[in-house]
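Biologist: I would like to learn how to read pockets, cores and confidence in a model. Where do we start?

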Amino acid sequence: MFLTHLECSACGLQQEWSRLQNLCPSCHKPLFAIVDLGAASRTLKRETLVTREKSLWRYREVLPLPGNVEPVSLGEGGTPLLHAEKFGDDIDLWIKDESINPTQSFKARGMTVAVSMAKHLGATKLAVPSAGNAGGALAAYAARAGLEAHIFMPRDTPRANIIECRELGAHVALINGLITDCGAEIARRKTKEGWFDVSTLNEPYRVEGKKTLGYELAEQCDWRLPDLVLYPAGGGTGLIGMWKAFDEMETLGWIGRERPRMFAVQAAGCAPIVRAFETGEKIAAEFPDANTIASGLRVPKAIGDFLKSLRAAGKFFSGERVIIFNTGSGIKYLDCYQEQ
């Protein structure tokens, strides 16, 4: 393993990786895992990746788990990049299909690494707030690891997600409120209950799993990054992870300095990152009266219309390569499908 330490993403304070950590103890911002890329490059070669297993653990040297420890894995990663000619018009449009991951979403990537490290560092009870897919992923990976999972979900979470968590053996609590209220309940009780909090960006390793999106994308694009990435985002961990991966790959000499233009796509009813970006804020404040129905999963027409609006706004141009991330399966959101 080539993990050397944890480093605060805001103040730069360094922490030991060898014990369970949540946020920076000084400024309470997210901690990032720092890898010795020079040492990792002695065994990790992009030319030999094709000989490795088709999973995100093919990038083992840049992931934080010690080499002699078996990952808590369900076969995640290695998802296809599909050419979407029907909707592309005069752009080179591709879809990265994360719905075929275990538990049918990209959340499997973060949880395989986070649960692997939590188990290795001695955690026995894990907790997460979730409106759906993160909860299902934690339930599955905790069950695989033989750990307890405690999942707090808004009461209006789709029934399929609730059933998934419970049938996988998790302890599920339904809360009157939003996911932020679920997170607050975990924060209030975790010390007394002995839970380790694996909330988004509240521990260092979910983002490490998500960064493999960037490694896979570069590999599937023959080490030439696309012009544009469209990424549906809640907390935005995937975008952060990919950016971290791009920096690491440049250091490794695998790619150049060019980066794609990256768009965080959020539902109009809950768009704190979009609002903060548009108003020039450094911090995304809580979005009042948040309400979404996962409408992007309804019909393919929504993709076509969305791309046309971006084109009209001058966000991309003819001939550019555009990647859309399909972050999860619509089968969990059957209530969102309506007769048109």
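Biologist: How does the lining of the second largest pocket divide into nonpolar, polar and charged residues?

Modeller: A pocket is an open set of points on a 1 Å grid over the protein atoms alone, where a 1.4 Å probe fits, with protein on both sides within 12 Å along at least five of seven lines; lining residues have an atom within 4 Å of a point. Here the lining has 6 nonpolar, 1 polar and 5 charged residues. Among them are Trp223, Arg224, Asp227, Ile255, Glu258 and Arg321. The pocket holds about 270 Å³. This is a predicted model: local features need pLDDT of at least 70, and side-chain atom pairs count only at pLDDT 80 or more, while totals for chains, interfaces and linings use all residues. Residues are numbered from 1 along each chain as its sequence is written, and side-chain values use heavy atoms, without hydrogens and water.

Biologist: Which element gives the largest share of the largest nonpolar core?

Modeller: A nonpolar core joins buried (under 20% relative accessible area, 1.4 Å probe, protein chains only) Ala, Val, Leu, Ile, Met, Phe, Trp, Tyr and Cys residues through side-chain atoms within 4.5 Å. This one has 30 residues; Tyr215, Met249 and Trp254 are among those touching the most other members. Elements giving two or more residues include helix H8 (212–220) and helix H9 (237–252), and H9 gives the largest share, 6 residues.

Biologist: What does Phe325 touch?

Modeller: Beyond four places in sequence, its contacts (heavy atoms within 4.5 Å) include Lys96, Leu217, Tyr231 and Met242.

Biologist: Where does pLDDT stay under 50?

Modeller: pLDDT is the predictor's confidence in each residue, from 0 to 100. The chain averages 89, but residues 294–304 stay under 50.

Definitions and conventions: Buried means under 20% relative accessible area, exposed over 50%, partly exposed in between (1.4 Å probe, protein chains only). Helices (H or I, at least four residues) and strands (E, at least two) are DSSP runs, numbered from the N terminus. Grid points are joined across faces, edges and corners, and a volume is the space filled by probe spheres set on the points. Ala, Val, Leu, Ile, Met, Phe, Trp, Tyr, Cys and Pro count as nonpolar, Asp, Glu, Lys and Arg as charged, and the others, Gly among them, as polar.
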